[in-house]
Amino acid sequence: MAVVPDFVGKQALDAWLSGHDAGLSLQGPDPDSPHPLLNGLVVAQVPAAGTLLPRWSVVTVWITGGGDPSGVREPRRPLPNLLEDQAEG
């Protein structure tokens, strides 16, 4: 069994490392997100600190101030038509 540490207020990478040391797995609210939990500050967690969980259970954390705010820029639409460009040149 593992006791959930208080991750709120920690840097995301420090929280992830603390969770790993405690035998827990941290994930964001969207586990399929392309952004890893490396940047930003933990602002909330579920379950709460002090909860007793089976080893390697998942703790969900919410991060603020991290990630890439620019979003995904590829693929461009409409796609460039390279064959027509080459025929004209």
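Student: How many helices and strands are there in the protein chain?

Tutor: The protein chain has 2 helices and 5 strands, where helices (H or I, at least four residues) and strands (E, at least two) are DSSP runs numbered from the N terminus. Their order from the N terminus is β-α-β-β-β-β-α. This is a predicted model, in which local features need pLDDT of at least 70 and side-chain atom pairs count only at pLDDT 80 or more, while totals for chains, interfaces and linings use all residues. Residues are numbered from 1 along each chain as its sequence is written, and side-chain values use heavy atoms, with hydrogens and water left out.

Student: Why is Thr-60 called buried?

Tutor: Buried means under 20% relative accessible area, exposed over 50%, and partly exposed in between (1.4 Å probe, protein chains only). Thr-60 has 17% relative accessibility, and therefore counts as buried. This residue is in strand β5 (residues 58-64).

Student: Which residues does Thr-60 contact, leaving aside its neighbours within four places in sequence?

Tutor: Thr-60 is in contact with Gln-27, Gly-28, Pro-29, Ala-44, Gln-45 and Val-46; contact means heavy atoms within 4.5 Å.

Student: Why is Pro-36 described as exposed or buried?

Tutor: Pro-36 has a relative accessible area of 55%, so the residue is exposed. Pro-36 belongs to the loop between β2 (25-27) and β3 (41-46). Its C-alpha atom is separated by 9.5 Å from that of Ala-12, 24 residues apart along the chain.

Student: What class does Trp-16 fall into, and why?

Tutor: Because its relative accessibility is 37%, Trp-16 counts as partly exposed. Trp-16 lies in helix α1 (residues 12-22).

Student: What makes Trp-16 part of a surface patch?

Tutor: Patches are made of residues with over 30% relative accessible area and no salt bridge (a side-chain nitrogen of Lys or Arg within 4 Å of a carboxyl oxygen of Asp or Glu). Like charges are joined within 9 Å, and nonpolar side chains (Val, Leu, Ile, Met, Phe, Trp, Tyr) within 5 Å. Leu-13, Trp-16, Leu-17 and Leu-38 form such a nonpolar patch, with about 350 Å² of accessible area together, computed by the Shrake-Rupley method with a 1.4 Å probe, only the protein chains shown counting as cover for residues.

Student: Which residues make up the largest nonpolar core?

Tutor: A nonpolar core is a set of buried Ala, Val, Leu, Ile, Met, Phe, Trp, Tyr and Cys residues joined through side-chain atoms within 4.5 Å. The largest has 11 residues, including Phe-7, Ala-15, Leu-26 and Val-42. Beyond four places in sequence, Ala-15 touches Phe-7, Lys-10, Leu-26 and Val-42.
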